[in-house]
Structure formats: structure tokens, C-alpha cells
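Work through the exercises below with the sequence and the 3D structure at hand, and try each task before you read its solution.

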Amino acid sequence: MHRVASSGSNGGSVRNRKEKKLTYVLNDGNDSKHCAGVNCLDVLKSSVSGDQSYLFTGSRDGTLKRWAFDEDASFCSATFESHVDWVNDAALAGESTLVSCSSDTTVKTWDSLSDGACTRTFRQHTDYVTCLAVAAKNSNVVASGGLGGEVFIWDIEAALSPVAKPNDAMEEGSTNGLGNSQPVTSLRNVGSSNNISVQSSPSHGYAPTIAKGHKESVYALAMNDAGTMLVSGGTEKVLRVWDPRTGSKTMKLRGHTDNVRVLLLDSTGRFCLSGSSDSMIRLWDLGQQRCLHTYAVHTDSVWALACTPSFTHVYSGGRDQSLYLTDLATRESVLMCTKEHPIQQLALQDDSIWVATIDSSVERWPAEVQSPEKVFQRGGSFLAGNLSFNRARVSLEGLNPPPAYKEPLMTIPGSHPIVQHEILNNKRQILTKDAGDSVKLWDITKGVVVEDFGKISFEEKKEELFEMVSIPSWFTVDTRLRCLSLHLETPQCFSAEMYSADLKVSGRPEDDKINLGRETLKGLLGHWMAKKKHKPKPQALTSGDVLSVKDTKKNLNASKSEDSSAGNDPVYPPFEFPSISPPSIITEGSQGGPWRKKITEFTGTEDEKDFPLWCLDAVLNNRLPPRENTKLSFFLHPCEVSNVQVVTLGKLSAPRILRVHKVTNYVVEKMVLDSPLDSLATDGASVSGGPQQLFAGNGLLTAGSKPWQKLRPSIEILCNNQVLSPEWSLATVRTFVWKKPEDLILNYRVAVAK
């Protein structure tokens, strides 16, 4: 505690550049499940591994997963993690290449049969990438579309060839996007608010073909097998047809009255099916450039279509939570099944159909794909004629047809997404509620669930866990990925401190302060630092090599720096993250591209430039940036009726976390008494001699022996006429007792014996 001059000065510096953010994502102990809605499905029958079939899923949790099947069971055989936002679509190009697109504005390619290796990242889009289309018989051709109105046609073989020039329109990827990244032509920095700035640089090397013409967002793409025809649709309510080889537009078709959400082309490219937010399905003859039929099957937006190989029957699903099968020739429809959530995506496999919803689970239902007529023989079908939307709704609600199937053949369960959260006052714990109504308590400095309370009242538990403590907010949190994403930014993330004793860290002085942000970063990067410390050293020189004096000094200094760095400090138990279901780190690399990787997958070879500089400064060099609100100013006055006087000059300043009993010590240390010191003891204890000096050279109140334990009953500290608990911090007093923007005023008095 020290005095503050009456005239303050602003000595802080203003940072001109935007500091990079570091985010870590917590999982609830099961990485083999999606924790958010599944946006995309695709099925691969691999010739490499015999008749083995795989299902690929992409989720709003930012990951893709590969599912393998063993008799009637399924298991997650790989997780593909590199996207930093929702995965909106995925498609298989050939036998081993998986292509995905995301709201992080990227398109990524993966080795689908690997353990999750990302082979390339494309950053041409300037907004969310919403849809993909692949040519079945020409797997090199892939198209991508997004909210920016852009449609790009990629030659995957050319795009994945070795890059000869450093400034490409792509970024070489690994599982996390680190290591071989390169500048891109259009880069968007994704923040928690999803506000993205566009940066441009010259394009070199491979560049995709651009289909120019959309004025609004693109939500749907479809391509014929040969890759010679591409159809796109979106919020313009029209279908645009392109030649993907040149990017030229060949026709525009009108008919839908709302957003076009899904498209399908037959193998030849003559017929096209479209589903729209106007609830209608339309069949188009592209050769005649007209709509052949309109199918009024659904009562709400159509989001998903899947057609039989012969293009005679279509399965459709959408916002009305119903899956229908429709005969395109007779317009006869039958309700296949109903779901509890809107249907996002469909994928046919053998004589069954995979159904994905905004829920995190995926189900496989019988479909009779080879002989769909068998489903109609069950009865319960109706005619989906050319009805208006209102007439269709009345017709369907009046029919209320029974579903053909009531139970799925298989379910791939997901975990419940988080739907509500509350940061507790201790700023180390977060209370969450998931879609299954389960309430859990998380410790974010360890990345684990402290307690699962089950299905209880979230509000009641929040009130029960309330603590009268005041700690600065050192992180922000969101649940966009349907799990906890914690965002750390400098200097805010270094604003919170706690005493070692309160964190139960042994072997440290009683009043030793621990910075929550720095220690959390050490826990997150602990695996990386350990691997980096033990990574192989450069090979010894051969007999013909000569090492200069300059090189010798450089290597020696680097060695000393590494040995003496704060990165060698141990990770304290309160900040140890688990190795099972560990958190993932999301940040922006040295070339500007965001990346994501689990903390246990770091090899130690990652470039330090791919981490924020402030993060490495804190972890490796123990350098923290200038921070605000680490100290608190206050006045200390005697009560009007007190005969105890303290010699003080002006305003006092102390750490926010300083306990009230330390202020009591200060009063005892500085007080001028009208009576002997012994008379202050109201509990009969005699105090001999003066209290121990509690001031360090810098004027701050520090730890020592505990004379206050005897003197505390004799001196009381008050604020707003309320006697303060000795264990409260100054910040707690200011927040819950003082409650004013002005400097805190504390009073002291001799306690009255009871």
C-alpha cells in the first residue's frame, strides 16, 4: 500500500496495432461425438480398404468426423479439426479427398482416409462459405459458393500440386494449418463477433475460375457428373446455370418466391431439382429452360434433397421436421418419418438414408432406394400437386398422414450442446446448461467439469454459487460452437490476480500473487513447451565446417535464454489441462490465417510466430503488458467517535486483491494512541512491543508474521458504516459495499468489546 499523488498522470501508451486473440475451446470429455448440429453428410465406399463404407459428417462445432461401421454399430475413426467456425458443407472428390467449407471463409481439402490431415486451405472467399458441388465423374472439379455472392470453380489436382511461388491464393495446411502457410489473395480475420475485414494481395500461382453474376448470397450449388454444368441458387430466388469450364453464365430461371436452399442435378445435367424457403420443390428441364412440375409437399422451408440414382424419386426434408419421398412422375408423396428437429442434410447409402438435423445426432432410416415403389405400397400416400403454399398447408394439415417408419435403423449419438451459461464472480468457473437440461460447473483454468448437477434449476444453482468476491473480467466467452469458447486478449487477460494460498498452490509465500491469465496460458501451452524443450538439437558440425565467433555467441545466448526462460516454470495444479479430451487452441498464424489444434497435438516444431507475441512474452519471458485496474485507490479516515489517529498523507493505493486485515495491519502500524497499545486488546490478550514492520522497500504492504491475528479484534475497518470482513478484498468492498465511482473511503475504529 502506498500513497498516490494528488494530481494523476496518464503514463500509459496506446497500442496502434490490433493484437491477435487466442481462443481455447473446451469439450465435455468425449471428442468422438459432435456437440452441435450436423450441417453436412457424405458417404464413401472405399476401394482402398475393400468394401468398407464411411460416413463423413460436418458440424456447427467446427469439426468433421469419419464414421466406420461394425455390424450394426458405428464408431468415430477420425476427427478432422482445422476449421475455426461452423462447417457448412462437405463433399468427397474422388476416393481419398474430402472437401469442406466453413463460416470461417475457407475451403479446405483433407486426406479422407488419414487421421485428420488437412492438405490445403483456400481463402478466396470474403464471407461465409455455405455450399459445395463436386463432379462425380470428374473429381478434380469442385465449386464453392458463399454469402459474398462469389462462386469459385476449383481444379483440385492443380490446386493441390506443389506450390512454386511463395505468394499463392492458398495456404498449405496441416492438421492445424501451421507450418507451411502462405499469403492469400483474400483474407478475413474472424473474431468472436464475426466482423471480418478483407485484405488483398496479388495472386500468384494457381487461381480458381470465377463465376461472376450473383448479386446476393449463394446458398446452393449442384454439378453434373461430367463437370460441364453448374447450377447455383440463393437469396435472389433464381437459378443461375453456368459453364464451370469458363465461368460463363448460360441461363437464369425464375419461379421460386424465396431463398433457394438446395439443388440437385441428374447425371446428364438436363434435369434439376430445387428446394426453397417458399416450401416448394421444383423440377426444371434445363434444355427447355422451364419448370416442369412444382411439388407442394412441405409446410415450411425445404433444406435437404436426395435423389435416387435413376432420378425418378426424391427424398426431401426441411424446417417442418418431416422426411418425404416423392415420385417425380406421378407426384405421389409419402411421409417417411418425422423428427424432433428441422432436417439439415440427407445422404443415401444402399437401401437406407442418413438424416442430419440441427441436433448433434445422426440417424439412419430405411429408404428402399433401389425399389422406392415398395414404400408407396404401404399406403398413406397423397398427391403433391401444383398447389399454392397456403393450399398445400391446408391440404397436408388436413391429411395428417402416418409415417411409413417409426424407428431408425441406427443412431450416431451426439452430445448435448450448451444453450445457457453464466460466468461466476470468482472468474474461474462457468455454470452451463445444455439442451438436455443438465447443469454443469466448469473450471476454465483447468478445462474440466467440476460437477454435473443433473437436471436442476439453472437460476437457483446460480444464486447458490454466488460469492461476494470481485475479480476483474480477464476473458470473454461464447457458445457459437455449442461448447465453451474462451477468448483471451491483451492486456485484459492479465488483469486478474489471486493469492497462491487461495489457489492452494504450495511452496509459495503466503501473499504471493498469481496472474490467472498467464498461468492459464502456461497450462494451455505446457505440452508445446515440453516438446519444444526436448526437440532435437541441430546436428554437430562436420570436420569441414567452421563456426564463426558470432555464431558461437548467438548459440550460447540462445541456450542461456532457453534455460532461463519462464517457460521452464512448472504448470501449477490449478492450471493443468487434461490429456483426455483436451481443449483446442484457435488463433491467427504469422501469415494471417486462423488455425485450430488440440493442445496435446503440438510437436514442439511449430513456429513461435504462429502464436501471438504477447502470449509468448507472458509464457516464455514472464513479460506482461501494462495493465489497468490492478490497483485501487482509497482514503483511510478515523470514525468520528474514534480516539485512534493514523498519520497518513493523501490518497493510498494498494492491489485490488489486498485483504481488509492488511488495512488493519496498516492502521496498527501507523496509529498514534492516546492510551497504551495493550489497552486495545479486547479479548484479554496482552501485546508486548510494537507490531512487526509490514512495509517493503517499494512501499507496498507485504507478508510477514501475523500480528493482526491478535490485533484484529481490537481494530475494525468500516465502509458506509458497515463493518468489513477481514477476508474481503478491497475490490470486493468497492463492488458490494461502496458502490460508487468515486475513490473508496474506509474508516477505522477501536472495536467495542462484547
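A polar contact is a pair of N or O atoms within 3.5 Å, where, within protein, one atom must be able to donate a hydrogen and the other to accept it. Keep in mind throughout that this is a predicted model.

**Exercise 1.** Find which residue caps the N-terminal end of α5, and state the distance that supports the choice.

Solution. Begin with the helix itself, since α5 covers residues 516–524. Next, look at Asn515, where a side-chain oxygen lies 3.1 Å from the backbone nitrogen of Gly517. Finally, compare this with the cut-off for a polar contact, which is 3.5 Å; Asn515 is the residue that caps the N-terminal end of α5.

**Exercise 2.** Determine how many residues of α5 are buried.

Solution. Recall that a residue counts as buried when its relative accessible area is under 20%. Going along the helix, the buried residues include Leu516, Arg518, Glu519 and Lys522. The full count is nine of nine residues, and the helix is described as mostly covered. For the chain as a whole, buried residues make up 53% of the 754 residues.

**Exercise 3.** For α11, name the buried residues, say what covers them, and describe the residue that follows the helix.

Solution. In α11, residues 730–738, the buried ones are Leu730, Ala731, Thr732, Val733, Val737 and Trp738. Their cover includes the helix α9 (660–670) and strands such as β45 (631–638), β47 (651–655) and β51 (744–750). After α11 comes Lys739, which has a positive phi, near 55°.

Note on methods
Residues numbered from 1 in each chain as written. Predicted model: local features only at pLDDT ≥ 70, side-chain atom pairs only at ≥ 80, totals over all residues. Heavy atoms only, no water. Buried < 20%, exposed > 50% of the residue type's maximum accessible area, 1.4 Å probe, protein only. Helix = DSSP H or I, 4+ residues; strand = E, 2+ residues; numbered from the N terminus. Contact = heavy atoms within 4.5 Å.
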